[in-house]
Amino acid sequence: MSTILSIRRRCADGDSVAEIAREEGVSEPTVRKYRDMEDFSPQPAKRRKARVSKLDPYKATIDSWLVEDRKRRAKQRHTATRIFDRLVAECGYDGGYTTVQKYVKEKKSQLKSANGQFLKLEWAPGEAQVDFDVCDFRVLGVVREVHYLVVTFPFSNVSLAQCFWGETSECVCEGLKAVFEFCGGVPLRLVFDNATGVGRRVGERVSAVDTFERFAAHYGFEFAFCNPASGNEKGAVENAVGVIRRNLFVPMPRVDSLRAYNKRLLGKCMARAGKPHYLKGEPESQLFAEDAAAMAGLPAKPFRAARVDAAKTDKYGDAVIDGRHRYPLGPERGQRRVIVELGAFEASFYEPDGSPIATFERAYGDAPTRASDPVSQLALLCRKPGGWRNSAVRASIPESLSRAMDAMGKVFMSSRQ
């Protein structure tokens, strides 16, 4: 443009076309072109007329193959070479490989870009999103991994949390029940991550576990699951799990009981709701009042968040739950059928007629564990005192007392002899 401006000025000063062309280093027709041009306004680029390609009749076929690929493993998807070979063998394509390669690259880029585009979602009062995350707590002096359930109300941006040892359906139901009772109502709709313990969505098919379906029927709310790998569909709770971890779980909490801590935790979460909403400007607590007003009422009776199942004890009287956790019910109940009620924190065992047997702290995790109940071994130990040295009873008492008991045992055995 600087050259054009110079040409226009020199033409206005009366310089000859030949002189301007020689000194500006351009041709005389170029000088005449810009001397006579009347409009220098920016113009949109003219679109070139698309050239007809031999690949055009096959693009729809290629597109269908690439879209279908997104349902398969990454290592079993079409490469450009494989698409070219199939076009030649199956469709009679007689063009070049480079044309196919270029189109496949562009199409894959378009599909990848479309997958990363998110819709801005609107959430009405009374709707909630649910997700889990993990952190560490110091429980009775021991560092343990804790799973915390977060329920976020996107309309007000208020988030409430509850902590558990696992992410089972019983934990979800127990956490949601506590949130419902704290709010004084039931959200109209809950959206869950596709990896939670309550169910999942595969394509158009949605499946939920029996305990959670009963829970939803009891409280009467609608629920949905996100598409796989689509955390943006519940972006509010995705952000909230990090906010709660950074603000409430740092430094590491020191607790004696998760149950007691959960009751305090709901109040701590609400204490953070005094700040203004990041978009609406109003206090989150004020907006949460609209969330609460839109919720349905609580049912007359609370839901018992537990899974009931049958189990059979082994010859030692241990009931094995989830294939790896052993609960000792006593040798006298060896190889018998019992009923187990698995809650978020407890595992309770009953006789087939409903008579209670024992209640243990529920075990979680992948590693095999055995619940501790030395008392259940006392009756058998009285009948078989020779097993004292390696018994669970001896291991559960202080070392000084166990040594005294060892001495008493030696005296008792010698007297029998």
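The accessible surface of the protein chain in this predicted model comes to about 25000 Å², and carbon and sulfur atoms hold 51% of that surface. Of the 417 residues in the chain, 39% are buried. The secondary structure consists of 14 helices and 15 strands. Among contacts with a separation of 6 or more, 57% join residues that lie 24 or more positions apart.

A good place to start is the N-terminal part of the chain, with helices α1 and α3. Helix α1 covers residues 2–12 and helix α3 covers residues 28–36; their axes come within 9 Å and cross at roughly 80 degrees. Because angles of 65 to 115 degrees count as roughly perpendicular, α1 and α3 are described as roughly perpendicular to each other. The contact between them involves Ile4, Ile7, Arg8 and Cys11 on the α1 side, which meet Val31, Tyr34, Arg35 and Asp36 of α3.

Two residues of α1 deserve a closer look. Cysteine 11, which belongs to α1, is partly exposed, with a relative accessible area of 21%. Leaving aside neighbours within four places in sequence, cysteine 11 is in contact with Ile20, Val31 and Arg35. For one of these partners, valine 31, the separation from cysteine 11 is 20 residues in sequence, while the C-alpha to C-alpha distance is 8.7 Å. Arginine 10 also has its place in α1. With a relative accessible area of 15%, arginine 10 counts as buried, because the cut-off for buried residues is under 20%. Once residues up to four places away in sequence are set aside, arginine 10 touches Asp15, Glu19, Ile20, Glu23 and Glu24.

Parallel strand pairing comes next. Strand β1 (127–139) runs parallel to strand β4 (residues 189–192), and 4 bridges join the two. Within this pair, glutamate 127 stands opposite arginine 189 of β4. Strand β4 is in turn joined by 4 bridges to strand β7 (residues 222–225), again in parallel. Here leucine 190 stands opposite phenylalanine 223 in β7.

Helix α8, spanning residues 210–219, has Thr211, Phe212, Phe215, Ala216 and Tyr219 as its buried residues. Seen down the axis of α8, these residues fall within an arc of 135 degrees, so they line one face of the helix. An α-helix has 3.6 residues a turn, so residues three or four places apart point the same way. The other side of α8 carries Arg214 and Ala217, which are exposed. Following α8 is glycine 220, with a positive phi near 70 degrees.

A comparable description can be given for helix α11. In this helix, which covers residues 284–294, Glu284, Leu287, Phe288 and Asp291 are buried. Viewed down the axis of α11, the buried residues fall within an arc of 105 degrees, so they line one face of the helix. The elements they pack against are both strands and helices: β1 (127–139), β2 (142–153) and β3 (158–164), together with α7 (169–183) and α10 (258–271). Strand β1 thus takes part in the packing against α11 as well as in the parallel pairing with β4.

Further along the chain, 4 strands form an open sheet with antiparallel pairing, in the order β9-β12-β13-β14. Strands β9 (306–312) and β14 stand at the edges with a single partner strand each, so one side of each is left without a neighbour in the sheet. From one strand to the next, the twist averages 20 degrees.

Within this sheet, the pairing of β13 with β14 can be followed residue by residue. Strand β13 (residues 346–350) and strand β14 (residues 356–361) run antiparallel and are joined by 5 bridges. Alanine 347 has phenylalanine 360 as its bridge partner in β14, and serine 348 has threonine 359. The hairpin formed by β13 and β14 has 5 residues between the strands, and glycine 354 in this hairpin takes a positive phi near 95 degrees.

Technical notes
Residues numbered from 1 in each chain as written. Predicted model: local features only at pLDDT ≥ 70, side-chain atom pairs only at ≥ 80, totals over all residues. Heavy atoms only, no water. Buried < 20%, exposed > 50% of the residue type's maximum accessible area, 1.4 Å probe, protein only. Arc of directions from axis to C-beta. Contact = heavy atoms within 4.5 Å. Pairing = 2+ DSSP bridges. Axes fitted to C-alpha atoms, helices over the stretch in contact; angles between N-to-C directions. Areas by Shrake-Rupley, 256 points an atom, 1.4 Å probe, with all protein chains shown as cover. Parallel < 35°, antiparallel > 145°, perpendicular 65-115°, else oblique.
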